[in-house]
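This report walks through the spaces inside one protein and the small molecules placed in them. Please keep the sequence and the structure in view while reading.

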Amino acid sequence: MPSIVIVGAQWGDEGKGKAVDALGNRVDFCVRYSGGNNAGHTVVVGDETFTMHLLPSGVLNPSCTCVIGNGVVVDLDVLAGELAGLRERGLDVEHPLISANAHIITPYHQVLDKVTERFAGNKRIGTTGRGIGPAYSDKINRIGIRAQDLLDPDGLAEKVEASLASKNQLLAKIYNRAAINPQVVTEALLAHADTVRPYIVDAARLLNQALDDGKVVLFEGAQAHHLDVDFGTYPYVTSSNPTAGGACTGTGVGPTRIDRVVGIVKAYTTRVGEGPMPTELLDETGEQLRAQGNEYGATTGRPRRCGWFDAPLVRQAVMINGFTDVFLTKLDVLTGWAELPVCVGYMADAHKIDGWPLTEREVEAAEPIYEILPGWTEDISQARHFGDLPANCQAYVRRLEALIGCRISGIGVGPGREQSIIINTLL
Ligand code: GDP
Ligand code: IMO
Ligand code: MG
(Lines give C-alpha, C1' and ligand atoms only; values in the text may rest on other atoms or scores of the structure.)
(Ligands and ions follow the chains in the order given, each with its own letter.)
Protein backbone atom coordinates (compact mmCIF):
# COMPACT_ATOMS: atom_id res chain seq x y z
CA MET A 1 0.00 0.00 0.00
CA PRO A 2 1.32 3.41 -0.83
CA SER A 3 2.79 6.22 1.16
CA ILE A 4 2.49 9.47 -0.66
CA VAL A 5 4.00 12.91 -0.04
CA ILE A 6 2.20 16.09 -1.16
CA VAL A 7 4.52 19.08 -1.75
CA GLY A 8 3.75 22.60 -2.95
CA ALA A 9 5.98 23.38 -5.94
CA GLN A 10 5.93 27.19 -5.98
CA TRP A 11 5.52 29.65 -3.08
CA GLY A 12 2.55 28.07 -1.33
CA ASP A 13 -1.23 28.17 -1.72
CA GLU A 14 -1.17 25.88 -4.73
CA GLY A 15 -4.21 23.97 -3.47
CA LYS A 16 -2.55 21.32 -1.30
CA GLY A 17 -5.57 21.17 1.02
CA LYS A 18 -7.90 20.37 -1.84
CA ALA A 19 -5.50 17.76 -3.25
CA VAL A 20 -5.24 16.04 0.15
CA ASP A 21 -9.00 16.04 0.49
CA ALA A 22 -9.41 14.70 -3.05
CA LEU A 23 -7.46 11.57 -2.09
CA GLY A 24 -10.29 11.14 0.37
CA ASN A 25 -11.36 8.16 2.34
CA ARG A 26 -8.64 5.84 1.06
CA VAL A 27 -6.15 7.60 3.33
CA ASP A 28 -5.66 5.94 6.74
CA PHE A 29 -3.13 8.43 8.18
CA CYS A 30 -2.70 12.09 7.25
CA VAL A 31 0.52 13.55 8.62
CA ARG A 32 1.80 17.12 8.73
CA TYR A 33 5.61 17.06 8.65
CA SER A 34 6.75 20.68 8.60
CA GLY A 35 5.72 24.25 9.32
CA GLY A 36 2.97 25.22 11.69
CA ASN A 37 -0.03 27.49 11.63
CA ASN A 38 1.64 29.71 9.03
CA ALA A 39 -0.16 27.35 6.62
CA GLY A 40 -3.72 27.85 5.44
CA HIS A 41 -5.14 24.84 3.62
CA THR A 42 -8.62 25.22 2.17
CA VAL A 43 -11.06 22.40 1.56
CA VAL A 44 -14.42 23.12 -0.04
CA VAL A 45 -17.15 20.55 0.54
CA GLY A 46 -20.46 21.47 -1.07
CA ASP A 47 -21.11 25.05 -0.02
CA GLU A 48 -18.98 24.78 3.12
CA THR A 49 -15.40 26.05 3.21
CA PHE A 50 -12.92 24.82 5.81
CA THR A 51 -9.46 26.29 6.35
CA MET A 52 -6.96 24.22 8.28
CA HIS A 53 -3.88 25.96 9.66
CA LEU A 54 -2.34 23.35 11.91
CA LEU A 55 -4.62 20.34 11.69
CA PRO A 56 -3.87 17.97 8.80
CA SER A 57 -6.54 18.38 6.11
CA GLY A 58 -7.47 14.71 6.54
CA VAL A 59 -9.28 15.76 9.73
CA LEU A 60 -12.43 16.21 7.62
CA ASN A 61 -12.32 12.53 6.72
CA PRO A 62 -13.75 10.48 9.61
CA SER A 63 -11.79 7.32 8.77
CA CYS A 64 -8.44 9.11 8.75
CA THR A 65 -6.09 9.33 11.76
CA CYS A 66 -4.31 12.69 11.86
CA VAL A 67 -0.75 13.03 13.06
CA ILE A 68 1.42 16.07 13.75
CA GLY A 69 5.00 15.02 13.10
CA ASN A 70 8.17 16.01 14.92
CA GLY A 71 9.03 18.46 12.13
CA VAL A 72 6.03 20.67 12.92
CA VAL A 73 5.96 23.59 15.35
CA VAL A 74 2.74 23.50 17.37
CA ASP A 75 0.81 26.44 18.79
CA LEU A 76 -1.40 24.79 21.42
CA ASP A 77 -3.89 27.68 21.49
CA VAL A 78 -4.35 27.42 17.74
CA LEU A 79 -4.74 23.65 17.94
CA ALA A 80 -7.46 23.95 20.59
CA GLY A 81 -9.15 26.77 18.67
CA GLU A 82 -9.17 24.89 15.37
CA LEU A 83 -10.64 21.76 16.93
CA ALA A 84 -13.29 23.79 18.74
CA GLY A 85 -14.12 25.68 15.54
CA LEU A 86 -14.73 22.46 13.58
CA ARG A 87 -16.75 20.94 16.42
CA GLU A 88 -18.90 24.06 16.62
CA ARG A 89 -19.68 23.53 12.96
CA GLY A 90 -21.02 20.09 13.84
CA LEU A 91 -18.05 17.97 12.81
CA ASP A 92 -17.10 15.06 15.02
CA VAL A 93 -13.33 15.52 14.73
CA GLU A 94 -10.71 13.57 16.67
CA HIS A 95 -7.81 15.29 18.39
CA PRO A 96 -4.66 14.64 16.31
CA LEU A 97 -1.79 12.52 17.61
CA ILE A 98 1.29 14.63 18.27
CA SER A 99 4.90 13.51 18.10
CA ALA A 100 6.56 13.81 21.50
CA ASN A 101 9.43 15.54 19.68
CA ALA A 102 7.35 18.24 17.99
CA HIS A 103 8.34 21.71 19.14
CA ILE A 104 5.90 24.10 20.77
CA ILE A 105 5.38 27.71 19.72
CA THR A 106 5.18 29.86 22.84
CA PRO A 107 3.95 33.44 23.26
CA TYR A 108 7.54 34.67 23.28
CA HIS A 109 8.11 33.24 19.81
CA GLN A 110 5.18 35.27 18.51
CA VAL A 111 6.45 38.44 20.17
CA LEU A 112 9.93 37.91 18.74
CA ASP A 113 8.56 37.22 15.25
CA LYS A 114 6.71 40.52 15.29
CA VAL A 115 9.45 42.69 16.80
CA THR A 116 12.20 41.33 14.56
CA GLU A 117 10.06 41.95 11.48
CA ARG A 118 9.36 45.50 12.60
CA PHE A 119 13.04 46.05 13.39
CA ALA A 120 14.04 44.77 9.93
CA GLY A 121 12.07 47.55 8.22
CA ASN A 122 12.34 47.23 4.45
CA LYS A 123 14.48 44.10 4.89
CA ARG A 124 11.55 42.28 6.51
CA ILE A 125 10.57 38.81 5.27
CA GLY A 126 6.84 39.43 5.43
CA THR A 127 6.28 36.52 7.80
CA THR A 128 2.87 35.40 8.94
CA GLY A 129 3.74 36.64 12.44
CA ARG A 130 2.87 33.29 13.98
CA GLY A 131 6.21 32.76 15.75
CA ILE A 132 7.40 30.16 13.26
CA GLY A 133 10.96 31.41 12.71
CA PRO A 134 11.77 31.99 16.40
CA ALA A 135 10.37 28.55 17.34
CA TYR A 136 12.56 26.81 14.75
CA SER A 137 15.54 28.96 15.83
CA ASP A 138 15.14 27.64 19.37
CA LYS A 139 14.93 24.09 18.02
CA ILE A 140 18.21 24.50 16.17
CA ASN A 141 19.75 26.36 19.13
CA ARG A 142 18.74 23.40 21.34
CA ILE A 143 16.66 25.53 23.68
CA GLY A 144 13.22 24.61 22.35
CA ILE A 145 10.17 23.40 24.24
CA ARG A 146 8.79 20.09 22.98
CA ALA A 147 5.42 18.37 23.28
CA GLN A 148 6.95 15.84 25.67
CA ASP A 149 7.84 18.68 28.08
CA LEU A 150 4.12 18.96 28.86
CA LEU A 151 4.51 15.59 30.60
CA ASP A 152 7.07 17.06 33.02
CA PRO A 153 5.81 20.38 34.46
CA ASP A 154 8.92 21.05 36.56
CA GLY A 155 11.24 20.39 33.65
CA LEU A 156 9.06 22.59 31.46
CA ALA A 157 9.26 25.50 33.92
CA GLU A 158 13.06 25.23 33.97
CA LYS A 159 13.29 25.19 30.19
CA VAL A 160 10.99 28.18 29.75
CA GLU A 161 12.99 30.11 32.33
CA ALA A 162 16.32 29.25 30.70
CA SER A 163 15.04 30.16 27.25
CA LEU A 164 13.61 33.49 28.42
CA ALA A 165 16.72 34.53 30.36
CA SER A 166 18.53 35.70 27.24
CA LYS A 167 15.39 36.61 25.27
CA ASN A 168 14.24 39.01 27.96
CA GLN A 169 17.58 40.80 27.76
CA LEU A 170 17.12 41.10 24.03
CA LEU A 171 13.52 42.27 24.30
CA ALA A 172 14.31 44.91 26.90
CA LYS A 173 17.70 46.16 25.73
CA ILE A 174 17.52 45.89 21.95
CA TYR A 175 13.84 46.01 21.13
CA ASN A 176 12.69 48.20 24.01
CA ARG A 177 9.87 45.80 24.89
CA ALA A 178 8.59 44.51 28.23
CA ALA A 179 10.16 41.36 29.60
CA ILE A 180 8.02 38.21 29.53
CA ASN A 181 7.26 36.41 32.77
CA PRO A 182 8.34 32.74 32.54
CA GLN A 183 5.73 31.57 35.09
CA VAL A 184 2.94 33.07 33.03
CA VAL A 185 4.21 31.29 29.91
CA THR A 186 4.61 27.97 31.71
CA GLU A 187 1.10 28.19 33.11
CA ALA A 188 -0.35 29.04 29.71
CA LEU A 189 1.32 25.97 28.21
CA LEU A 190 0.32 23.71 31.11
CA ALA A 191 -3.29 24.83 30.73
CA HIS A 192 -3.35 22.57 27.66
CA ALA A 193 -1.50 19.65 29.26
CA ASP A 194 -4.49 17.59 30.43
CA THR A 195 -6.17 17.78 27.03
CA VAL A 196 -3.08 17.12 24.96
CA ARG A 197 -1.30 14.52 27.13
CA PRO A 198 -3.21 11.44 25.89
CA TYR A 199 -2.29 12.28 22.29
CA ILE A 200 1.46 12.68 22.73
CA VAL A 201 2.97 9.63 21.05
CA ASP A 202 6.05 8.13 19.44
CA ALA A 203 4.77 9.14 16.01
CA ALA A 204 7.71 7.61 14.14
CA ARG A 205 7.01 4.18 15.58
CA LEU A 206 3.30 4.53 14.97
CA LEU A 207 3.73 5.50 11.32
CA ASN A 208 6.30 2.82 10.58
CA GLN A 209 3.95 0.26 12.13
CA ALA A 210 1.08 1.62 10.03
CA LEU A 211 3.16 1.12 6.88
CA ASP A 212 4.10 -2.42 8.04
CA ASP A 213 0.37 -3.08 8.37
CA GLY A 214 -0.30 -1.95 4.80
CA LYS A 215 -2.04 1.28 5.71
CA VAL A 216 -2.13 4.28 3.36
CA VAL A 217 -0.11 7.16 4.81
CA LEU A 218 -0.29 10.64 3.30
CA PHE A 219 2.32 13.23 4.23
CA GLU A 220 0.77 16.68 3.84
CA GLY A 221 3.34 19.31 3.00
CA ALA A 222 2.81 22.89 4.08
CA GLN A 223 4.38 25.98 2.47
CA ALA A 224 6.28 24.99 -0.65
CA HIS A 225 9.53 24.24 -2.42
CA HIS A 226 10.56 27.86 -2.96
CA LEU A 227 9.89 28.71 0.70
CA ASP A 228 12.24 25.91 1.84
CA VAL A 229 15.04 27.19 4.10
CA ASP A 230 17.62 25.27 2.03
CA PHE A 231 16.22 25.38 -1.50
CA GLY A 232 13.93 28.40 -1.51
CA THR A 233 14.54 32.05 -2.32
CA TYR A 234 16.64 32.56 0.83
CA PRO A 235 16.36 34.65 2.97
CA TYR A 236 12.74 35.16 1.88
CA VAL A 237 11.71 31.70 3.01
CA THR A 238 10.13 29.97 5.94
CA SER A 239 12.30 28.32 8.61
CA SER A 240 11.68 24.66 7.82
CA ASN A 241 11.98 22.09 5.02
CA PRO A 242 8.68 21.81 3.15
CA THR A 243 10.48 19.81 0.43
CA ALA A 244 9.94 16.07 0.15
CA GLY A 245 12.97 15.19 2.29
CA GLY A 246 11.24 17.01 5.13
CA ALA A 247 8.60 14.28 5.12
CA CYS A 248 11.30 11.87 6.32
CA THR A 249 13.11 14.08 8.82
CA GLY A 250 9.82 15.54 9.97
CA THR A 251 8.19 12.19 10.80
CA GLY A 252 10.82 9.50 11.23
CA VAL A 253 9.80 7.50 8.15
CA GLY A 254 12.78 6.56 6.00
CA PRO A 255 13.10 7.56 2.33
CA THR A 256 12.88 3.95 1.14
CA ARG A 257 9.32 3.82 2.47
CA ILE A 258 8.01 6.68 0.34
CA ASP A 259 6.25 5.46 -2.81
CA ARG A 260 5.11 8.64 -4.48
CA VAL A 261 5.85 12.33 -4.30
CA VAL A 262 3.17 14.55 -5.80
CA GLY A 263 3.93 18.17 -6.61
CA ILE A 264 1.01 20.55 -6.36
CA VAL A 265 1.47 23.15 -9.07
CA LYS A 266 -0.73 26.18 -9.70
CA ALA A 267 -1.41 26.87 -13.40
CA TYR A 268 0.05 30.36 -12.83
CA THR A 269 2.26 31.77 -10.03
CA THR A 270 1.47 33.45 -6.72
CA ARG A 271 3.46 34.52 -3.70
CA VAL A 272 2.63 36.09 -0.31
CA GLY A 273 5.22 38.12 1.59
CA GLU A 274 8.48 39.63 0.40
CA GLY A 275 11.14 38.24 -1.91
CA PRO A 276 11.85 37.83 -5.61
CA MET A 277 9.21 36.59 -8.05
CA PRO A 278 10.40 36.79 -11.66
CA THR A 279 6.97 36.57 -13.34
CA GLU A 280 5.16 38.94 -10.99
CA LEU A 281 2.68 41.20 -12.81
CA LEU A 282 2.39 44.60 -11.17
CA ASP A 283 -0.21 45.79 -13.65
CA GLU A 284 -3.89 45.26 -14.36
CA THR A 285 -3.28 41.74 -15.62
CA GLY A 286 -1.91 40.82 -12.21
CA GLU A 287 -4.97 42.32 -10.58
CA GLN A 288 -7.23 40.41 -12.93
CA LEU A 289 -5.45 37.13 -12.07
CA ARG A 290 -5.87 37.94 -8.37
CA ALA A 291 -9.56 38.66 -8.83
CA GLN A 292 -10.26 35.58 -10.97
CA GLY A 293 -8.23 33.29 -8.74
CA ASN A 294 -9.49 34.90 -5.51
CA GLU A 295 -5.85 35.20 -4.49
CA TYR A 296 -6.02 36.42 -0.91
CA GLY A 297 -4.04 34.66 1.83
CA ALA A 298 -5.95 31.95 3.72
CA THR A 299 -3.94 32.75 6.88
CA THR A 300 -3.35 36.50 6.91
CA GLY A 301 -5.83 37.71 4.27
CA ARG A 302 -3.02 39.54 2.44
CA PRO A 303 -3.46 39.94 -1.33
CA ARG A 304 -1.23 37.42 -3.08
CA ARG A 305 1.22 38.65 -5.68
CA CYS A 306 0.26 37.12 -9.04
CA GLY A 307 2.06 36.32 -12.28
CA TRP A 308 2.25 33.95 -15.22
CA PHE A 309 3.41 30.35 -15.00
CA ASP A 310 7.14 30.06 -14.36
CA ALA A 311 8.44 26.80 -15.82
CA PRO A 312 12.08 26.90 -14.56
CA LEU A 313 10.73 27.58 -11.06
CA VAL A 314 8.62 24.42 -11.15
CA ARG A 315 11.21 22.37 -13.00
CA GLN A 316 13.63 23.02 -10.14
CA ALA A 317 11.02 21.70 -7.68
CA VAL A 318 10.46 18.64 -9.87
CA MET A 319 14.16 17.81 -9.65
CA ILE A 320 14.79 18.46 -5.97
CA ASN A 321 11.65 16.76 -4.70
CA GLY A 322 11.78 13.92 -7.20
CA PHE A 323 8.12 14.37 -8.09
CA THR A 324 6.58 11.23 -9.53
CA ASP A 325 3.45 13.16 -10.48
CA VAL A 326 2.15 16.69 -10.66
CA PHE A 327 -1.34 17.85 -9.76
CA LEU A 328 -2.02 21.04 -11.74
CA THR A 329 -4.47 23.30 -9.91
CA LYS A 330 -6.64 26.32 -10.72
CA LEU A 331 -6.53 25.78 -14.48
CA ASP A 332 -10.09 27.16 -14.60
CA VAL A 333 -8.77 30.56 -13.45
CA LEU A 334 -6.98 30.98 -16.80
CA THR A 335 -10.21 30.78 -18.82
CA GLY A 336 -10.87 33.92 -20.85
CA TRP A 337 -7.38 35.18 -21.67
CA ALA A 338 -6.67 35.39 -25.40
CA GLU A 339 -3.00 34.61 -24.82
CA LEU A 340 -1.18 32.93 -21.97
CA PRO A 341 2.49 33.80 -21.57
CA VAL A 342 4.59 31.05 -19.96
CA CYS A 343 8.07 31.77 -18.64
CA VAL A 344 10.55 29.34 -20.23
CA GLY A 345 13.83 30.90 -19.07
CA TYR A 346 15.41 34.06 -17.67
CA MET A 347 17.80 36.79 -18.60
CA ALA A 348 19.92 38.36 -15.87
CA ASP A 349 22.50 41.09 -16.46
CA ALA A 350 22.28 40.50 -20.23
CA HIS A 351 23.01 36.76 -19.83
CA LYS A 352 20.65 33.91 -20.48
CA ILE A 353 20.37 31.74 -17.39
CA ASP A 354 20.36 28.01 -17.80
CA GLY A 355 17.63 26.62 -15.51
CA TRP A 356 17.17 28.04 -12.01
CA PRO A 357 19.64 30.83 -11.12
CA LEU A 358 22.65 30.01 -8.97
CA THR A 359 22.76 33.05 -6.71
CA GLU A 360 20.35 35.26 -4.76
CA ARG A 361 21.45 38.19 -6.87
CA GLU A 362 20.61 36.41 -10.11
CA VAL A 363 17.14 35.46 -8.83
CA GLU A 364 16.54 39.12 -7.96
CA ALA A 365 17.72 40.19 -11.42
CA ALA A 366 15.96 37.44 -13.40
CA GLU A 367 13.75 38.75 -16.20
CA PRO A 368 11.42 36.15 -17.67
CA ILE A 369 11.63 35.02 -21.26
CA TYR A 370 8.08 34.25 -22.34
CA GLU A 371 6.59 31.83 -24.81
CA ILE A 372 3.05 32.84 -25.74
CA LEU A 373 0.42 30.11 -25.81
CA PRO A 374 -3.11 30.60 -27.15
CA GLY A 375 -5.86 30.81 -24.51
CA TRP A 376 -9.42 29.47 -24.41
CA THR A 377 -12.80 30.95 -23.54
CA GLU A 378 -14.89 27.88 -22.76
CA ASP A 379 -15.92 27.27 -19.13
CA ILE A 380 -13.94 24.20 -17.97
CA SER A 381 -15.28 23.98 -14.42
CA GLN A 382 -17.53 21.03 -15.33
CA ALA A 383 -14.82 19.08 -17.17
CA ARG A 384 -14.11 15.71 -15.58
CA HIS A 385 -11.99 14.07 -18.28
CA PHE A 386 -8.96 15.42 -20.08
CA GLY A 387 -10.84 15.07 -23.36
CA ASP A 388 -13.54 17.47 -22.07
CA LEU A 389 -11.03 20.35 -22.12
CA PRO A 390 -10.88 22.66 -25.15
CA ALA A 391 -7.98 21.97 -27.53
CA ASN A 392 -5.98 25.07 -26.52
CA CYS A 393 -6.39 24.17 -22.87
CA GLN A 394 -5.16 20.62 -23.50
CA ALA A 395 -2.22 22.08 -25.40
CA TYR A 396 -1.42 24.41 -22.47
CA VAL A 397 -1.32 21.44 -20.08
CA ARG A 398 0.81 19.36 -22.46
CA ARG A 399 3.26 22.24 -22.97
CA LEU A 400 3.60 22.75 -19.21
CA GLU A 401 4.20 19.03 -18.79
CA ALA A 402 7.02 19.13 -21.33
CA LEU A 403 8.57 22.27 -19.82
CA ILE A 404 8.59 21.01 -16.22
CA GLY A 405 9.63 17.46 -17.06
CA CYS A 406 7.04 15.60 -14.99
CA ARG A 407 3.77 13.95 -15.88
CA ILE A 408 0.61 15.79 -14.93
CA SER A 409 -1.63 13.22 -13.27
CA GLY A 410 -4.42 15.46 -12.02
CA ILE A 411 -5.96 18.81 -12.89
CA GLY A 412 -8.05 21.11 -10.71
CA VAL A 413 -10.88 22.92 -12.49
CA GLY A 414 -12.56 24.49 -9.46
CA PRO A 415 -12.33 24.61 -5.66
CA GLY A 416 -15.01 21.95 -5.10
CA ARG A 417 -14.19 18.45 -3.95
CA GLU A 418 -15.42 16.92 -7.22
CA GLN A 419 -13.87 19.54 -9.52
CA SER A 420 -10.85 17.53 -10.61
CA ILE A 421 -9.72 15.62 -13.65
CA ILE A 422 -7.76 12.50 -12.76
CA ILE A 423 -5.46 11.32 -15.52
CA ASN A 424 -3.42 8.79 -13.51
CA THR A 425 -4.86 7.67 -10.17
CA LEU A 426 -2.65 8.73 -7.28
CA LEU A 427 -3.76 6.00 -4.85
P1 GDP B 1 -2.88 25.44 0.04
O2 GDP B 1 -2.25 26.31 1.06
O3 GDP B 1 -1.89 24.89 -0.94
O4 GDP B 1 -3.74 24.35 0.62
O5 GDP B 1 -3.85 26.39 -0.81
P6 GDP B 1 -4.88 27.50 -0.22
O7 GDP B 1 -6.03 26.79 0.36
O8 GDP B 1 -4.15 28.48 0.61
O9 GDP B 1 -5.26 28.27 -1.54
C10 GDP B 1 -5.81 27.62 -2.64
C11 GDP B 1 -7.17 28.26 -2.96
O12 GDP B 1 -7.59 27.85 -4.24
C13 GDP B 1 -8.27 27.82 -2.02
O14 GDP B 1 -9.18 28.87 -1.88
C15 GDP B 1 -8.90 26.64 -2.73
O16 GDP B 1 -10.26 26.46 -2.39
C17 GDP B 1 -8.78 27.08 -4.17
N18 GDP B 1 -8.60 26.00 -5.15
C19 GDP B 1 -7.92 24.84 -5.03
N20 GDP B 1 -7.91 24.17 -6.20
C21 GDP B 1 -8.61 24.94 -7.07
C22 GDP B 1 -8.92 24.82 -8.47
O23 GDP B 1 -8.54 23.87 -9.14
N24 GDP B 1 -9.64 25.86 -9.03
C25 GDP B 1 -10.05 26.94 -8.31
N26 GDP B 1 -10.73 27.89 -8.94
N27 GDP B 1 -9.76 27.08 -7.01
C28 GDP B 1 -9.04 26.10 -6.41
P1 IMO C 1 0.54 27.17 2.78
O2 IMO C 1 0.82 25.86 3.46
C3 IMO C 1 2.11 31.00 1.37
C4 IMO C 1 5.41 32.75 3.67
C5 IMO C 1 5.12 34.04 4.40
C6 IMO C 1 6.49 34.68 4.34
C7 IMO C 1 7.43 33.51 4.52
C8 IMO C 1 7.94 33.32 5.94
O9 IMO C 1 -0.83 27.69 3.01
O10 IMO C 1 0.93 27.11 1.33
P11 IMO C 1 6.78 32.44 8.16
O12 IMO C 1 5.60 32.94 8.92
O13 IMO C 1 6.66 31.03 7.70
O14 IMO C 1 8.07 32.68 8.89
O15 IMO C 1 6.84 33.39 6.85
O16 IMO C 1 6.69 32.35 4.13
N17 IMO C 1 4.48 31.63 3.99
C18 IMO C 1 3.52 31.20 3.15
N19 IMO C 1 3.11 31.68 1.96
N20 IMO C 1 1.54 29.89 1.88
C21 IMO C 1 1.95 29.38 3.06
O22 IMO C 1 1.50 28.22 3.54
C23 IMO C 1 2.96 30.07 3.77
N24 IMO C 1 3.58 29.86 4.96
C25 IMO C 1 4.51 30.81 5.06
O26 IMO C 1 4.14 34.81 3.72
O27 IMO C 1 6.72 35.20 3.05
MG1 MG D 1 -2.43 28.24 1.85
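Which residues line the largest cavity? In this model, which is predicted, the lining of the largest cavity is made up of Val 20, Asp 21, Gly 24, Val 27, Cys 30, Ser 57, Gly 58, Asn 61 and Cys 64. Sorted by class, the lining of the largest cavity holds four nonpolar residues, four polar residues and one charged residue. The space in the largest cavity comes to about 60 Å³, and a search of the whole structure for cavities of 30 Å³ or more finds one.

**The two pockets**

Pockets are treated separately from the cavity, and the table sets two of them side by side.

| Pocket | Space | Lining residues | Classes in the lining | Ligand |
|---|---|---|---|---|
| Largest pocket | about 950 Å³ | 49 residues | 17 nonpolar, 20 polar, twelve charged | ligand 2 |
| Second largest pocket | about 620 Å³ | 28 residues | seven nonpolar, 14 polar, seven charged | ligand 1 |

In the largest pocket, the lining residues that lie nearest the centre are Ile 125, Thr 127, Val 237, Thr 238 and Ser 239. Three helices, α3 (107–120), α4 (132–140) and α5 (153–173), each contribute at least two residues to the lining of the largest pocket, and the largest share, six residues, comes from α4.

In the second largest pocket, the centre is approached by another set of lining residues, with Thr 42, Gly 293, Arg 304, Lys 330 and Pro 415 lying nearest to it. The elements that each give at least two residues to the lining of the second largest pocket are α1 (16–23), β3 (41–45), β4 (48–52), α10 (284–293) and β15 (325–329).

**Ligand 2 in the largest pocket**

What surrounds the ligand that sits in the largest pocket? Ligand 2 sits there, and of the 20 residues around ligand 2, those that come nearest are Lys 16, His 41, Thr 128, Gln 223 and Thr 238. Thr 238 is also one of the residues nearest the centre of the largest pocket. By class, the shell around ligand 2 consists of seven nonpolar, ten polar and three charged residues.

Several atom pairs show how ligand 2 and the protein meet. A polar atom in the side chain of His 41 is 2.7 Å from an oxygen atom of ligand 2, and an N or O atom in the side chain of Arg 302 is 2.9 Å from an oxygen atom of ligand 2. The backbone takes part as well, since a polar backbone atom of Val 272 lies 3.1 Å from an oxygen atom of ligand 2. On its own, ligand 2 has 550 Å² of accessible area, and the protein covers 97% of that area.

**Ligand 1 in the second largest pocket**

Which residues come nearest to ligand 1? Of the 19 residues around ligand 1, the nearest are Lys 16, Gly 17, Gly 40, Thr 42 and Asp 332. Lys 16 is thus listed for ligand 1 and is listed for ligand 2 too. The shell around ligand 1 divides into five nonpolar, seven polar and seven charged residues, and both α1 and β3 supply at least two residues of this shell.

Polar atoms of the backbone lie beside ligand 1 at two residues, with an oxygen atom of ligand 1 placed 2.8 Å from a polar backbone atom of Gly 15 and an oxygen atom of ligand 1 placed 2.7 Å from a polar backbone atom of Lys 16. From a side chain, a polar atom of Arg 304 lies 3.2 Å from an oxygen atom of ligand 1. The protein covers 92% of the 590 Å² of accessible area that ligand 1 has on its own.

**Details of the backbone**

Where in the chain is there a cis peptide bond? Such a bond joins Tyr 234 and Pro 235, with an omega of about 5°, and Pro 235 belongs to the loop between β10 (217–220) and α9 (245–249).

Positive phi values are found at two residues that are not glycines. Asp 13, with a phi of about 60°, is in the loop between β1 (3–8) and α1. Ala 350, with a phi of about 65°, is in the loop between β16 (339–348) and β17 (351–353).

Notes:
Residues are numbered from 1 along each chain as its sequence is written. Chains are lettered from A and ligands numbered from 1 in the order in which they are written. This is a predicted model: local features need pLDDT of at least 70, side-chain atom pairs count only at pLDDT 80 or more; totals for chains, interfaces and linings use all residues. Side-chain values use heavy atoms; hydrogens and water are left out. A residue is near a molecule or strand if one of its heavy atoms lies within 4 Å of it. A polar contact is a pair of N or O atoms within 3.5 Å; within protein, one must be able to donate a hydrogen and the other to accept it, and residues adjacent in sequence count only if both atoms are side-chain atoms. Accessible areas come from the Shrake-Rupley method with a 1.4 Å probe; for residues, only the protein chains shown count as cover. On a 1 Å grid over the protein atoms alone, a cavity is a set of points where a 1.4 Å probe fits but cannot get out, and a pocket is an open set with protein on both sides within 12 Å along at least five of seven lines; lining residues have an atom within 4 Å of a point. A molecule sits in a cavity or pocket if more than half of its atoms lie within 2 Å of its grid points. Ala, Val, Leu, Ile, Met, Phe, Trp, Tyr, Cys and Pro count as nonpolar, Asp, Glu, Lys and Arg as charged, and the others, Gly among them, as polar. Grid points are joined across faces, edges and corners, and a volume is the space filled by probe spheres set on the points. Helices (H or I, at least four residues) and strands (E, at least two) are DSSP runs, numbered from the N terminus.
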